[in-house]
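Dear colleague,

Please find below the structure that I am handing over to you. A summary of the aromatic contacts follows it.

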Amino acid sequence: MKNIDSNTHVSGTSVYLDDVPVLNGTLFGAAYGSPCAHGVIRELILEEALQMPGVVRIFTAADIPGHNEIGGIIKDEPLLADKHVHFCGMPVAFVVARTREAARAAVRKIRVKTDPLPVITDPREAQAKGELIIPPRTFQLGDTDNTWSQCAYVIDGTADINGQEHLYIETQGAYAVPQENNSLRIYSSTQGPTAVQRAVSGIIGAPMHRFEVIVTRLGGGFGGKEDQANTWAALCSLAAWLLKKPVKYALHRMEDMAMTGKRHPYAADFKIGLNRDLQILAYEASFFQNAGAAADLSPAVLARTLFHCTNAYYIPNVKATAWSCRTHLPPNTAFRGFGGPQGMFVIEAAIAKAARVLKVDAAIIQKRNLIRTGQEFPYGQTAESEALNCWEKAEKLYDVIDQQRRIQQFNADNKLFKKGLAFMPICFGISFTNTMMNNARSLVHVYSDGSVGISTGAVEMGQGVNTKILQVAAQTFSIPPEKIKLNHTSTYTIANTSPSAASATADLNGKATLIACTTILDRLKRLAAEAFQVSTDQITLSNGQVFVNELPSHWDWQELITTAFARRISLSEHGHYATPEIHYDAVKEKGHPFAYHVYGTAILEATVDCLRGTYTMDTVKVVHDFGNSMNTDIDRGQIEGGIVQGIGWMTMEEVVYDKEGKLRSNALSTYKVPDIYSVPKTIDIAALQTNRDNLAIFRSKAVGEPPLMYGIGAWFALHNAIQAFHPNADIPFITPMTPEKVLLALYSKTNPEKNQQHAETVSHLGIDQ
């Protein structure tokens, strides 16, 4: 089935925030962000801005009738700066004017005098100074302290992982419209309608039922609109509430880039121990998360880093500790993968370094340590693993031996071009790691003409969730898709929603829809059984027809609905689904936090121009654990997009802040994202067919986030190509691997100190070099 949004996207009739008709009298907002990253506000000068043509009012923290606080997990984030500023771009004032241009012009006239305070941008520095969002967390399995002496090889190192700009096509924005009885209707570009509703309620100091948040669809989210949409909706709502006028604010691209948080950068230390058979016996990692100036979702992101610190490998002795470090950057936030990719990169770096020291192919270590069914993750859940199945199918399907032979021959024949090959296995847990968030509701109406309307808490942002929910209803009722319509997401229709995130949206909302549809269907079957004087198990529906004892009756879907309506049988149902079996004890750091895991293996090939440092990603060949895919077209599109976004993160998307906390990569001229020319020449995707039962909707495993992690392999493919040119190159584990870094590594001097350290370690352990 095609994505149901295809026609409206192509015809330009899909409705986004900027397509909502603007009411007469609508005012427009613009935020003034702090020009310094850390300081005490001495004076806010608004007089010149207030005199600008078209300006209606300028709001500051003093105008907030409720609490000046929008923090979700931790209450540490003011909507508008009051006495202190904590990052460049932190909103200090909100201008409302009669036109967007007037509001932006007035913002440029605002001045603020601040007494500067020390600026921290490095998470290691923040950790050393005790600037933490939450206390550190540690996941442990086995006993690393007493295992190192049993290891034949012990290798340590560091990694630095850069952030990533979400760069959704539709920037952040909101439109707040006053309604009768002191209420607001808020159109918000958000992944979390309830989070917006809750934030606005707190700012205004009125109950949540006064605020309806509506989302038709987003022009991309990638996690950046899970919590950070709250700011802009709250500003518009504050102004609309006090002025009794509609207020709209859609951020300019450069505003969006400067004022919003990114994927979390991490610094990390690792230590890995292996036996002579190259089995990993012990692994320790320390993660220093750059949270930015406020918590936002950082504690949850940090938890998922720990949950995925061993990726697809079984390691019997693990100790991983993570610090969420407060710096003076915009609060960093959710991004596709939600901390998991950062944890995965570090274990892959540890394996790559071990392979380099031991002069073996990293793939040997990777394959030998893949987690098997029944083995335990560091957080206590036992695996139902497809890791080895994916790897072996990829090896066979894509004839890896021949590919390796071709690459060796190419490298032997070419002096200034070298190829590199890397395997990237993945294992990604599906569920919100905060157990209470794993629930959803769906409101299904069957109208008297046989058509069906569905409302859920899911937000469509290009991932095809509405299509899958429609498929659930069509399959359950056995009616044509044309009879079903998905409605916009509204907090008045579906309350207390979890955000569309964690790759769980289709599962949660699809299951809720299945429950609602099945409940209605059961009523209809009882009606038909009574009419035909048979038991309900003798009634089935197929292709819009009622069957009795597997034979077609004279009733079709329309007759069934008409009769039910006449008999006053309810044709509506509000289905609720809460994921069973999952649980987690955050004190013991043990439990069963995930409904299931998604596995896969990617084989990536890259070619490096060793004269210029430029490169191409030639092929990405994937075997992916789809489960039983509901919609292969949508799922393959998600995988392809995730791979390219992951490659972009690993190779070219470099977020740069200076030491004063100012964003330097603040426009598309200075921040590079993959274009069509950056996409690998070949992306092959094969499904691992499994019949294993799981908690996914119709056994169709999630595909939103897991594919991004395949892109991590791009870094290691480039790493291996560089080594083919310069076997002793100094290649620090720093992302992204830009052409400049490739060129530096290609012509780097061998580091004698590091080589000596490696030699001493190897010699001490009695390893044959």
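**Aromatic contacts and charges over rings**

R263 lies over the face of W649, at a distance of 4.5 Å from the ring centre. Please note that the model is a predicted one. A second charged side chain is placed in this manner: K419 lies over the face of F410, at 4.9 Å from the ring centre.

Turning to contacts between rings, a search of the whole structure finds 22 aromatic pairs. Among them is the pair formed by F139 and Y584, which is tilted, with 6.3 Å from centre to centre and 40° between the planes. This pair links distant parts of the chain, since F139 belongs to strand β7 (residues 137–141) and Y584 to strand β25 (residues 583–585), 445 residues apart. Both F139 and Y584 are buried.

Another of the pairs brings together F345 and F716; this pair is tilted, at 5.4 Å centre to centre and with 35° between the planes. Why does the pair tie together parts that are 371 residues apart in sequence? The reason is that F345 lies in helix α9 (residues 340–358), whereas F716 lies in helix α17 (residues 712–725). F345 and F716 are both buried.

Finally, which residues form one aromatic cluster with F139 and Y584? The cluster is made up of these two residues together with F307, F377, Y379 and F594. F139 and Y584 thus appear both as a tilted pair and as members of this cluster.

With kind regards

Notes. Residues numbered from 1 in each chain as written. Predicted model: local features only at pLDDT ≥ 70, side-chain atom pairs only at ≥ 80, totals over all residues. Heavy atoms only, no water. Phe/Tyr/Trp six-rings, centres within 6.5 Å; stacked < 30°, edge-to-face > 60°. Helix = DSSP H or I, 4+ residues; strand = E, 2+ residues; numbered from the N terminus. Buried < 20%, exposed > 50% of the residue type's maximum accessible area, 1.4 Å probe, protein only. Lys NZ or Arg CZ within 6 Å of the ring centre and 35° of its normal.
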